[in-house]
Amino acid sequence: MECPFNHEQPLQYYGDYLAIDQLLALQKPLSLQEGKLLAHDEMLFIVIHQAYELWFKQILHEITACGEVLSKPAADDDGPDMNVVVHRLKRVVEIWKLLNHQVDVLETMTPLDFLEFRELLHGASGFQSRQFREIEASLGLRMENRFRPDYYKHTELGGFNEKDFAEITEFEQKPTILGMVENWLERMPFFEEEFWRDWEDSPNEGAVQPGRSPFWNRYRLLYEQSLSERDDKPDLLGKFDDIFFKTGWGAFRSTALRAALFIMLYRDEPMFRLPFALLNSLIEIDEQLATFRYRHLQMVRRMIGTRVGTGGSSGEQYLQGAVNRNYIYKELAGVITFLIERRHLPALPPRLRQALRFSFTNR
Ligand code: HEM
């Protein structure tokens, strides 16, 4: 077979391969007049935004690749497919951590340094970052779950140009990671009756909820017993019933949340390590995004106080609302409320363990 890296390949040069000349020609400060940069920190402002946008591009590249695997009708849940998804989502987490550190660099700019060129930015704002909106949309942040979508989703002054508006709107119609993960959770086979036939973990003492499998009846009882005097038992048990058996929670349906809870509970089983890592990565991405929103808000407070933003929003107030509200996988993280201690977990039925390809040993 011919080696793809043979010496016949044309020689490459670092600067050409990376288009360094073009890249370095892309910083065009508005305060640059007759070859002199009047507002020194405008260069930092541009470079940092461009660095964010480059990393946003990489994040979208990773999310798109994850979407291609997750949208397969039968992704290999315990093999290379899921391994690749988890690996790429972990990379997204690391990129967000890096992006959050960049705020430190931006904060070396003082409010007075910023005021030297702020007026020139009239109408332009991070609000209009098309890639940021595409990241949010592709992860699954729904319009109705956002804080004040009307604020940024328009084409008036401070909003998007027509082209970006159309592209974002098209993006919002595409399948999301949230939707795909939900479908993947729902097709988990753990609860098929054949696995649980003859399952007897221990006699069922508590109230039997009609239409619920013995496992979940048992689990509800164990959960109830795990609550302390200070927990609001009726409230938590009511939530348990609603979330996992009736209404679902937020964007997630109850069958998907049941599977998520099951994975979190039995995460030590070899078969569940990848699914658990996947759920954990999503929760971490949400956490890093929230950290970005919060650090950005703090930085904005220090930079412009409570003045309105260049994009025309109320500034601090809007950003605080987005910090509080724009979570994507909050309910997935919320499943943690319903965990019990490892040592109280019911043993899995032999048939299920076998089906999940464990080498079976009695506990
Ligand atoms: C001096 C630095 C900065 C200031 C004073 C600032 C200020 C603001 C303000 C006031 C808003 C609200 C919208 C508006 O009315 O303009 C906003 C939104 C936003 N900014 Fe910045 N920003 C700064 C740097 C950055 C950087 C470096 C990024 C990185 C890409 C960024 C990304 C964003 C994003 C994505 C939003 C929308 C947030 C959301 O809707 O949740 N900003 N910014």
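**Exercise 1. Is Arg-148 buried, exposed or partly exposed?**

Solution. Let's start with the place: in this predicted model, Arg-148 sits in the loop between α6 (130-139) and α7 (149-152). Next, take the neighbour count, which is 14 other C-beta atoms within 10 Å. A residue is buried at 20 or more such atoms and exposed at 12 or fewer. Arg-148 therefore comes out as partly exposed. While you are there, look at the backbone: phi of Arg-148 is near 45°, a positive value in a residue other than glycine. Most residues other than glycine have a negative phi.

**Exercise 2. Treat Glu-34 in the same manner.**

Solution. Glu-34 belongs to the loop between β1 (32-33) and β2 (36-37). Its phi is positive, about 45°, although Glu-34 is not a glycine. Now count: Glu-34 has 5 C-beta neighbours inside 10 Å, so it counts as exposed.

**Exercise 3. Check the length of helix α12 (residues 233-246).**

Solution. The helix has 14 residues, and at 1.5 Å a residue it should span 20 Å. The rise is multiplied by one less than the number of residues. The end C-alpha atoms of α12 lie 18 Å apart, which agrees. Just after α12 comes Gly-248, with a positive phi of about 75°.

**Exercise 4. Describe how domain 1 meets domain 2.**

Solution. First set the bounds: domain 1 covers 40-118 + 125-186 + 275-330, and domain 2 covers 189-272 + 337-355. Their centres, taken over C-alpha atoms, are 34 Å apart. Then count contacts: 11 residues of domain 1 touch 13 residues of domain 2. On the domain 1 side, α9 (177-186) and α14 (273-304) each supply at least two residues. The most comes from α9, with four residues. By type, this side of domain 1 has five nonpolar, one polar and five charged residues.

**Exercise 5. Describe the shell around the ligand.**

Solution. Of the 26 residues around the ligand, Ser-125, Gly-126, Gly-309, Gly-311 and Ser-313 come nearest. Helices α3 (42-70), α14 and α15 (316-325) each supply at least two residues of the shell. Here α14 gives the most, with five residues. Sorting the shell by type gives 13 nonpolar, 12 polar and one charged.

**Exercise 6. Decide where to read the coordinates with care.**

Solution. Begin with the whole chain: the average pLDDT is 91, and 93% of the residues score at least 70. Then turn to residues 358-363, where the pLDDT is below 50. Beyond near neighbours in sequence, this stretch has eight contacts in the model. Where pLDDT is low, the predicted coordinates should not be read in detail.

Technical notes:
Residues numbered from 1 in each chain as written. Predicted model: local features only at pLDDT ≥ 70, side-chain atom pairs only at ≥ 80, totals over all residues. Domains from an automatic or database assignment. Contact = placed C-beta atoms within 7 Å. Nonpolar A, V, L, I, M, F, W, Y, C, P; charged D, E, K, R; others polar. pLDDT = per-residue confidence, 0-100. Near = placed C-beta within 6 Å.
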